[in-house]
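Biologist: I should like to go through this model in order, from its strands and sheets to its pocket. Please set out the terms where the reasoning needs them.

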Amino acid sequence: MKKKALELDKSKAESNKGSFMQQSMGAFGSKASAMLESQMEPTPQFSRPAPPPVSKPAASKGPSKGMQLGKAKKGNDILASMAKEGESVEMEAPSYGSGPSTTAVVNLSADPVSLVVEEKLTVELDRQGGLENLEVQGTMSLVVNNPGDAFISVAITAGANKDFQFKTHPNIDKAVYSASNVLSLKDPSRPFPTGSELGILKWRMVSKKDNLVPITINCWPSVSGDQSYVNIEYESTSTFDLQNVVITIPLPGQSPSVNQIDGDWRYDSKRSVLLWTIELIDDTNRSGSMEFVLPATDSESFYPVEVSFTSTKTFCDVHVDTVTNTNSEAPVKFSYKKFMGTSEYQVV
């Protein structure tokens, strides 16, 4: 019995020893696992919180008798629906500023060939609205998007275009163009460049005919007591519908008080100019006016007045009829758009 008791005591001791080792190893394993996990966790990145967005003040609006903002939006809806139907159209964003006007053209076409007609208008008017000088410079540009359609000719239709002077690219066959209004390369074995814009036809027109001016500006500044009252009006011809019109009036470093306006306005303090904006001028608002007041100042401070706008109509009557593959004589699908914008347009 004594011997059996000793064997039981020995068995218990070995059992306790094994349990202790398992607990120790388990504890060690937990600590090791925690250390590994902490090493594998990504180091926290501390960054400054993004500042809250600052809302820009909306353009000021004065009493208006001819707001046309909805009209322009309707035009954009029409363009969008045309794009859905596969038409190549241009979508323009309003530009609030003076200087050369640019047209943001979105090419919605994946056609093999793209053609663009662009005109830039330079006008100088006197303070009575009379025309001092008008110059139109235009370009027809071609881009071949598909190398397989680089051997082509472009047939165009042109109106009378009185007083316009035309010039073709040096590599265009002038004899063929003069005889049939077809723009093709002198060497038919050469393709048009692919993926780059090439001006294939240019034109220029200079005139002093008042009836050609798309929009005239008249400005009447007057001083009454210690204040200057400035009345400005625009008149547009029915020849052109004008988009994104901006009339820029320099000011003597102080924000004006606008009493009446057809359209919208804002004051650019950095440039010290008043920006009068009309999103669309068409047959519903061929004329408009504004009046603003500020402390008495010399009338010379309000000149030169600058104007910028765009139009989908051009002075030159030119249109692309067909594009033909010169090897197979098969018609080539193409997109075509045209627009006119201002290069420099001033009342001095």
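Modeller: Two strands are taken to pair if DSSP finds at least two bridges between them. The model is a predicted one, and the bridge partners named below are to be read in that light.

Biologist: In the open sheet with the order S5-S3-S15, which residue of S15 stands opposite Ile156?

Modeller: This sheet has 3 strands with antiparallel pairing. Strand S3, residues 152–158, is joined to S15 by 7 bridges. Opposite Ile156, the residue in S15 is Val320.

Biologist: Why is one side of S5 and of S15 left without a neighbour in that sheet?

Modeller: The order of the strands is S5-S3-S15. Strand S5 (182–183) and strand S15 (318–325) stand at the edges, so one side of each has no neighbour in the sheet, and the reason is that each has a single partner strand.

Biologist: How many helices and how many strands does the protein have?

Modeller: Helices are DSSP runs of at least four residues, and strands are runs of at least two. On that basis the secondary structure comes to 3 helices and 16 strands.

Biologist: Which strands form the edges of the sheet with the order S7-S8-S13-S10?

Modeller: This open sheet holds 4 strands with antiparallel pairing. Neighbouring strands are turned by 15° against each other on average, direction ignored. The strands that pair on one side only are S7 (215–224) and S10 (257–261).

Biologist: Over how many bridges do S8 and S13 pair?

Modeller: S13 spans residues 287–295, and 4 bridges join S10 to it in the antiparallel sense; within that strand, Phe292 stands opposite Val258. Strand S8, residues 227–236, also pairs with S13 in the antiparallel sense, and Tyr234 stands opposite Gly288 there. For S8 and S13 the count of bridges is 9.

Biologist: Does S1 run parallel or antiparallel to S16?

Modeller: Strand S14 (residues 305–311) pairs with S16 in the antiparallel sense over 4 bridges, and Thr310 has Gly341 as its bridge partner in S16. Strand S1 (residues 113–125) is joined to S16 by 13 bridges, and Val116 stands opposite Lys337. The direction of S1 and S16 is parallel.

Biologist: How many residues of S16 are buried?

Modeller: Buried means under 20% relative accessible area. Over the whole protein of 348 residues, the buried share is 38%. Strand S16 covers residues 334–347 and is mostly covered, the buried residues among its 14 numbering 10.

Biologist: Does Val273 count as buried or exposed?

Modeller: Val273 is found in strand S12, residues 273–281. Leaving aside residues up to four places away in sequence, Val273 touches several residues, including Ile249, Leu251 and Tyr267. The relative accessibility of Val273 is 8%, and the limit for burial is under 20%, so the class is buried.

Biologist: What separation do the C-alpha atoms of Val273 and Gln254 have?

Modeller: Along the chain, Val273 and Gln254 are 19 residues apart. Between their C-alpha atoms the separation is 8.9 Å.

Biologist: Which residues are the closest to the centre of the second largest pocket?

Modeller: About 280 Å³ of space lies in this pocket. The lining has 18 residues, with 6 nonpolar, 6 polar and 6 charged among the classes. The closest to the centre are Phe164, Leu212, Thr314, Phe315 and Cys316.

Terms used: Residues numbered from 1 in each chain as written. Predicted model: local features only at pLDDT ≥ 70, side-chain atom pairs only at ≥ 80, totals over all residues. Heavy atoms only, no water. 1 Å grid on protein atoms, 1.4 Å probe; cavity = no way out; pocket = protein on both sides within 12 Å on 5 of 7 lines; lining within 4 Å. Points joined across faces, edges and corners; volume = space filled by probe spheres on them. Nonpolar A, V, L, I, M, F, W, Y, C, P; charged D, E, K, R; others polar. Axes fitted to C-alpha atoms, helices over the stretch in contact; angles between N-to-C directions. Buried < 20%, exposed > 50% of the residue type's maximum accessible area, 1.4 Å probe, protein only. Contact = heavy atoms within 4.5 Å.
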